[in-house]
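I opened a new entry for this chain and went through the model one item at a time. The notes follow in the order in which I looked things up.

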Amino acid sequence: MRDIWEQVELLRDLVRDYWSGRYRDIPRWVIGALSFALLYFINPIELIPEFVPVIGYLDDIALLLLVLRLTREHVEKYKLWRSQGA
């Protein structure tokens with residue numbers, strides 16, 4: 001679960017850097033997909049509510065992993081940009 005939370009924080013930072021104008025080297029569809037995944041992750045109204053034991057978080061994690069898979073190349077470029085002291 002710690003890895004998932006670290007990914008959520010990374011994606012949050014990426015979206016924040018995009019909207020602030022600090023990082024724009026990314027297609028809009030990627031920002032849209034990441035924003036949607038983050039909003040779904042924090043939204044209390046969803047397909048399987050969090051109060052359902054064990055499976056309550058599975059839809060959140062599944063969506064997050066799918067979006068990460070689709071946007072992996074762009075997220076890796078952002079991580080490299082960040083590591084270079086941006």
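I started at I42, which I found in helix 2. Is I42 buried or exposed? The model, which is a predicted one, gives I42 a relative accessible area of 64%. I therefore noted I42 as exposed, since that value is over the 50% cut-off. I then checked I42 against D60: the two are 18 residues apart in sequence, and their C-alpha atoms lie 8.8 Å apart in space. D60 itself is on the list of buried residues of helix 3.

Next, the overall layout. I counted 3 helices and 0 strands in the protein chain, and from the N terminus the order of elements reads α-α-α. The chain has 86 residues, of which 37% count as buried. I also looked at contacts between residues at least 6 apart in sequence; 59% of these join residues at least 24 apart.

Helix 3 took another entry. It covers residues 58-83, and I compared its span with that of a straight helix of 26 residues: 38 Å for the straight one, only 31 Å between the end C-alpha atoms here. Where is the kink in helix 3 centred? I located it at T71, with an angle of about 75°. T71 is also one of the buried residues of this helix, along with D59, D60, I61, L63, L64, V67, L68, H74, V75 and Y78. I looked at what these residues pack against and found helix 1 (2-20) and helix 2 (28-42). After helix 3 comes G85, for which I noted a positive phi, near 85°.

Then the core. The largest nonpolar core has 23 residues, and I listed the members that touch the most others: I4, V8, L11, L14, I26, L34 and L64. Helix 1, helix 2 and helix 3 are the elements that give two or more residues to this core. I followed I26 further. Leaving out residues up to four places away in sequence, I26 touches L14, Y18, I31 and H74. Of these partners, H74 is among the buried residues of helix 3.

Last, the aromatic rings. How many aromatic pairs does a search of the whole structure find? I got 6. One of them is Y18 with W19, edge-to-face, with 5.2 Å from centre to centre and 85° between the planes. I checked the accessibility of both partners. Y18 has a relative accessible area of 6%, so I entered it as buried. W19 comes out at 58%, so I entered it as exposed.

I then took the pair Y23 and Y78. The ring centres are 5.1 Å apart and the planes meet at 70°, so this pair is edge-to-face. Why does the pair tie together parts that are 55 residues apart in sequence? Because Y23 lies in the loop between helix 1 and helix 2, whereas Y78 lies in helix 3. Both Y23 and Y78 are buried. Ring pairs also bring in W81, and I recorded Y23, Y78 and W81 as a cluster.

I went back to Y18 for a final check. The charged end of R24 sits over the ring of Y18, at 4.3 Å from the ring centre. The ring of Y18 thus has two entries in my notes: the pair with W19 and the charge of R24.

Technical notes. Residues numbered from 1 in each chain as written. Predicted model: local features only at pLDDT ≥ 70, side-chain atom pairs only at ≥ 80, totals over all residues. Heavy atoms only, no water. Helix = DSSP H or I, 4+ residues; strand = E, 2+ residues; numbered from the N terminus. Expected span 1.5 Å × (residues − 1). Bend = angle between axes of the 7 residues up to and from the residue. Buried < 20%, exposed > 50% of the residue type's maximum accessible area, 1.4 Å probe, protein only. Contact = heavy atoms within 4.5 Å. Phe/Tyr/Trp six-rings, centres within 6.5 Å; stacked < 30°, edge-to-face > 60°. Lys NZ or Arg CZ within 6 Å of the ring centre and 35° of its normal. Core = buried A, V, L, I, M, F, W, Y, C linked by side-chain atoms within 4.5 Å.
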